[in-house]
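The following paragraphs offer a guided reading of one structure. Please keep the sequence and the coordinates in view while reading.

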Amino acid sequence: MSCKALLCSTSVYDSKRLPKLQTQRPPTLQIRKHVGRTNVEVTLLVAIVMVSQRPEDNNNKKYTALNLFPQFPRCQTGFREMKFKLPTKEMEKLEYDAAMTGGAYDFNRGTISLTRKLLSSPKKITLVRHGLSTWNEESRIQGSSNLSVLTEAGVKQAERCRNALANICFDQCFSSPISRAKSTAEVIWHGREEPLVFLDSLKEAHLFFLEGMKNHLEAVDARREYPKEYITWREDPAKFHVNGVYPLRRIWATACEAWREILHTPGEHFLVITHKSMLRALICTALGLSPERFRAIDINNGGITVFKFNTRGEAMLQSLNMTAHMYSNHIYLN
């Protein structure tokens with residue numbers, strides 16, 4: 001019976017029917033989070049969760065269930081004779097990290113694979129939106145235009161991001177080459193040894209004639225010149241198109257390309273600086289969401305989002321649009 005099946009069941013197991021297993025060392029404190037059913041079942045569930053599938057992890061140290069779990073009473077099922085082993089070092093670290101916050105320690109098949117082939121190691125990706133730009137201040141549609149540049153306030157936001165992420169070791173930093181993102185990346189990455197890597201696949205969506213126009217409901221110029229197209233972009237962006245070109249379909253494709261480029265890079269933790277629409281596309285594609293969900297996610301200037309990827313290339317969203325560092329001296333530790 002698999003671990004997953006055992007965890008989903010509500011019956012009490014007879015340990016005489018389970019194989020005798022060995023352990024490397026006593027389990028650590030995080031095991032206690034599994035407490036919740038009968039004493040016998042809880043103990044068994046803990047043991048099963050901690051079982052390693054690698055025979056080579058065995059050694060000669062053995063611990064009986066009673067020695068490992070003195071808080072559980074003796075039972076009539078012969079459970080006290082059961083022996084088990086802990087997971088590999090990698091699984092142990094994941095289990096430990098998750099236990100500190102109650103997070104998940106595994107997420108196989110939680111989402112679709114973005115790479116469609118195995119990665120060399122699990123990855124962690126920290127995404128950051130560029131700081132406030134001139135066209136942000138003026139409420140203009142920016143798109144792929146390079147005319148919007150980082151403001152003085154935007155530079156300070158980038159500095160706040162740098163300070164907030166200072167204690168995190170990144171293997172590489174990827175950035176859009178468009179000015180406002182490039183300038184943000186240069187501020188955040190200042191003092192790091194590895195050179196910045198600029199990816200065209202991280203560029204913002206190209207929005208044709210809407211770029212530079214006011215981006216709010218009272219935008220007179222856009223409504224007057226392109227009423228149908230502007231309303232479509234505002235109210236149903238997935239259907240916005242110009243001469244048969246759908247910007248969101250295109251950016252969804254480039255987001256997938258960016259994920260592949262980043263995830264196949266040697267290393268385990270990467271920093272990515274890019275734009276709002278591209279961030280929406282990166283987040284949605286990682287979670288298997290379509291362009292119709294484009295406006296379901298919002299990212300502030302300087303907002304930080306974190307993903308974890310397993311070796312299958314499947315994503316788990318760990319945090320979304322964190323902005324505590326924008327209003328305080330908050331520092332992220334990991």
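A salt bridge is taken here as a side-chain nitrogen of Lys or Arg within 4 Å of a carboxyl oxygen of Asp or Glu. The model to which this rule is applied is a predicted one. Under the rule, the count is six salt bridges.

One of these joins arginine 140 to glutamate 138 through their side chains, with an N to O distance of 2.9 Å. Both partners fall between the limits for buried and exposed, which are under 20% and over 50% relative accessible area respectively. Arginine 140 is partly exposed because its relative accessible area is 27%, and glutamate 138 is partly exposed because its value is 34%.

Another salt bridge connects aspartate 298 with lysine 276, whose closest N and O atoms are 2.8 Å apart. Aspartate 298 belongs to the loop between α11 (276-287) and β5 (304-309), whereas lysine 276 belongs to helix α11, so the pair ties together parts that are 22 residues apart in sequence. With a relative accessible area of 43%, aspartate 298 is partly exposed; lysine 276, at 24%, is also classed as partly exposed.

Aspartate 298 has a further salt-bridge partner in arginine 280, the closest N and O atoms lying 3.8 Å apart. This pair links distant parts of the chain, since arginine 280 is in helix α11 and aspartate 298 is in the loop between α11 and β5, 18 residues apart. Arginine 280 has a relative accessibility of 7% and therefore counts as buried. Taken together, Lys276, Arg280 and Asp298 are linked in a network of salt bridges.

The discussion now turns to the sheet. Six strands make up an open sheet with mixed pairing, arranged in the order β3-β2-β4-β1-β5-β6. The edges are occupied by β3 (197-198) and β6 (315-322); each has a single partner strand, so one side of each is left without a neighbour in the sheet. Helix α7 (residues 179-188) packs on the sheet and touches β1, β2 (172-175), β3 and β4. The direction of helix α7 makes about 140° with that of β4.

Strand β1 (residues 123-129) has β4 and β5 as its neighbours in the strand order. With β5, β1 pairs in the antiparallel sense over six bridges. Two of the bridge partners may be named: valine 128 is matched with isoleucine 304 in β5, and lysine 124 with lysine 308 in β5. With strand β4 (residues 269-274), β1 pairs in the parallel sense, again over six bridges. Here the partner of valine 128 is isoleucine 273.

How many of the residues of strand β1 are buried? The number is seven of seven, so that the strand is mostly covered under the limit of 20% relative accessible area for a buried residue. In a regular strand the side chains alternate between the two faces of the sheet. In β1 both faces are covered: Lys123, Ile125, Leu127 and Arg129 are buried on one side, and Lys124, Thr126 and Val128 are buried on the other.

A last point concerns cysteines. A disulfide is a covalent bond between the sulfur atoms of two cysteines. The structure holds zero disulfides. Cysteine 173 counts as buried because its relative accessibility is 0%, while cysteine 256, at 24%, counts as partly exposed.

Terms used
Residues numbered from 1 in each chain as written. Predicted model: local features only at pLDDT ≥ 70, side-chain atom pairs only at ≥ 80, totals over all residues. Heavy atoms only, no water. Buried < 20%, exposed > 50% of the residue type's maximum accessible area, 1.4 Å probe, protein only. Helix = DSSP H or I, 4+ residues; strand = E, 2+ residues; numbered from the N terminus. Pairing = 2+ DSSP bridges. Disulfide = S-S within 2.5 Å. Contact = heavy atoms within 4.5 Å. Axes fitted to C-alpha atoms, helices over the stretch in contact; angles between N-to-C directions.
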